[in-house]
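This report looks at one helix, the nonpolar core and a disulfide. Please have the sequence and the structure open as you read.

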Amino acid sequence: MILDPPKCFWLALFTFTLISNDCVGQHQDSIIKRALVKSWRKKAEEYKVRLFDRLSTNEERSYTPPQVIKNLGYPVEIHQVTTDDGYVLELHRIPPNSSTTPKKVVFLQHGVLQNSGVWTANPTSRSLAFLLADRSYDVWLGNFRGNTFSRRHTTLNPSTAEFWKFSWDELGNHDIPSSIDYVLKFTGQPRLSYIGYSLGSAAVFMGAVKHQDLNSKIDIVIALAPLSTFAHAAIEVLRVFAPRVDYLKRALDFMGVYGWFDTDGLGDRIFKSFCEQTRTQAQFCIDYFYNIFVGPSKNLDPDMIPLFNANLMRGTSVKVIAQFAQNYNAGKTLQAYDFGREGNMLRYGSHKPWTYDLRNVTVPVYVFSGGADRVVTPLDVDWLLTQLGNLKGSTRLIDYNHLDFLFGIDVKERLYDKVVALLPPP
C-alpha cells in the first residue's frame with residue numbers, strides 16, 4: 001500500500017507523539033520530532049507540486065509548424081524559395097479552403113531567432129495565422145535564412161563560416177524581396193499584405209528602401225513591435241556587451257563560431273528542464289527570464305510556455321546579433337552592418353556604414369507598439385514614426401511587452417481584431 005502525503009504526515013505525527021510520551025529526553029525528542037516533521041512536510045509538498053502543478057504534455061511541442069497546422073485541421077503547403085544569393089528559404093502556406101477564385105494574400109514574417117511557428121503557437125482562437133485563415137485569406141508564413149527551416153544553400157554548407165556571413169541587410173535585401181516575388185508569382189496576385197513582427201518589420205523597411213519596386217508589390221504593411229533604431233533598448237545584457245561588440249565578434253570568429261542561438265539539442269533540454277516541467281517553473285520563466293529580455297507581462301499563459309519555447313531561439317548568424325549592438329551604439333539611425341573603417345570603405349565607399357532613409361518606404365504603414373517593451377522601446381518607436389515616408393496610423397498598447405504581440409492572452413481582442421480590420425477584404 002502506498003500512503004498519500006497527508007496520511008503519511010499524520011501517521012508520522014502520531015508516531016512522534018507516542019515516542020515523546022515514552023522517552024525521558026523530552027528536549028532531544030522535541031528537536032528530532034521537529035526535524036522529522038519538517039522532512040515529511042517537505043516531501044509531501046514536493047509530491048503535491050509534482051502531482052498538481054505539473055504542466056500537461058502537449059504533443060505539438062515536437063511538431064513543425066506545418067504539422068501543427070495539419071493537426072489542427074487546416075490545409076497546409078510547404079514551398080521552397082531560392083534567393084538571388086543562393087539561400088533556400090522554406091515558406092509555409094495555409095491556402096484558402098476550397099476556393100475557386102484567388103484570395104487576398106497575407107504574408108507574415110517572424111522576428112530574430114524565431115521561425116514561422118510563432119504565428120501558430122497560441123490556441124487557434126488567438127493565433128493570427130489561423131484567424132486570417134478562418135476569414136478565407138491566403139496565408140503565407142516566411143522563414144529567415146539560418147533558422148530551423150531555412151538552413152540550406154545552393155553551394156554553401158551550413159557547417160562552414162561562409163554560410164553564416166549575413167546580417168539584417170541580407171534579410172531585407174534578399175530574403176524579403178525573393179519571398180514576396182515567389183508568392184506573387186505562385187498565386188498570380190499583383191500585390192500582397194505584409195505583417196511583420198520586430199526584425200520582420202525592419203527587414204521589409206530595408207527591402208523597400210533598397211528595392212523601390214517592392215513598395216508597389218505590397219498594398220499595406222502592418223508593423224508589430226517594429227524594430228528600427230535600437231538606441232533606447234532597455235536590455236541590460238545588451239548595455240553591458242554592446243560597447244565590446246567588436247572584441248566579442250573577433251573572439252567568436254577566432255573560435256570558429258558564426259551561427260548560434262539554436263536550441264536544438266542542449267538548449268531544448270535546458271528549456272524543458274527549467275521552464276516546462278511545472279506551472280511554477282513556467283511562471284518563473286515569464287517573471288524573470290522573459291522579463292529580463294523583453295519586459296514584464298501578466299499576459300502570457302504559463303500552460304503555453306512549452307509551445308512558445310518550441311519556436312524561440314531557432315538560429316541566426318553572429319552578424320545578425322552583432323548588428324543589434326552596432327545599432328544600439330550608433331544612436332538614432334537604422335544603419336547597415338558595420339565592417340569597420342577599412343571594410344566600410346570597401347563595401348560602402350565611406351568609413352561609416354550606409355544608413356537606410358525610411359522616407360523611401362512609400363507603402364502605407366500602420367504601426368502597433370508596446371509601452372512595456374524593452375526590446376523595441378516607445379522612444380525608438382517614436383523616432384521611427386517621424387521617419388517613415390507613408391505612415392498611416394500608430395497604436396500603442398501601453399502594457400504590452402515584446403512577446404505579447406505574438407503570445408498574449410488578450411491579443412485577439414486588443415490587437416489582432418484591429419489588424420484584420422485594416423486589411424483589404426479577402
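## Helix α5 and the residue after it

The model discussed here is predicted. Just after helix α5 comes Gly 188, a residue whose phi is positive, near 75°. The helix itself covers residues 168-187, and because each of its 20 residues should add 1.5 Å, a span of 28 Å is expected, which agrees with the 27 Å between its end C-alpha atoms.

Within α5 there is a kink of about 25° at Asp 175, shortly before the proline Pro 177. The helix is also mostly covered, since 15 of its 20 residues are buried.

## The largest nonpolar core

In soluble globular proteins, nonpolar side chains tend to be buried together. The largest nonpolar core here has 107 residues, and those with the most contacts inside it are Trp 119, Leu 132, Ile 195, Phe 205 and Leu 224. Helix α6, residues 199-210, gives the most to this core, with eight residues.

Leu 132 can serve as an example: when neighbours within four places in sequence are left aside, its contacts include Val 106, Leu 108, Tyr 137 and Ile 195, and also Val 420 and Leu 423.

## The disulfide

How many disulfides are there? The count comes to one, formed by Cys 275 and Cys 285, whose sulfur atoms are 1.8 Å apart. Cys 275 belongs to helix α9 and Cys 285 to helix α10, with the two cysteines 10 residues apart. The link is left-handed, with -80° about the S-S bond.

Buried means under 20% relative accessible area, so Cys 275, at 6%, counts as buried, and Cys 285, at 4%, is buried as well.

Technical notes. Residues are numbered from 1 along each chain as its sequence is written. This is a predicted model: local features need pLDDT of at least 70, side-chain atom pairs count only at pLDDT 80 or more; totals for chains, interfaces and linings use all residues. Side-chain values use heavy atoms; hydrogens and water are left out. Helices (H or I, at least four residues) and strands (E, at least two) are DSSP runs, numbered from the N terminus. The expected span of a helix is 1.5 Å times one less than its number of residues. The bend at a residue is the angle between axes fitted to the seven residues ending there and the seven starting there. Buried means under 20% relative accessible area, exposed over 50%, partly exposed in between (1.4 Å probe, protein chains only). A nonpolar core is a set of buried Ala, Val, Leu, Ile, Met, Phe, Trp, Tyr and Cys residues joined through side-chain atoms within 4.5 Å. Contact means heavy atoms within 4.5 Å. A disulfide is a pair of cysteine sulfur atoms within 2.5 Å.
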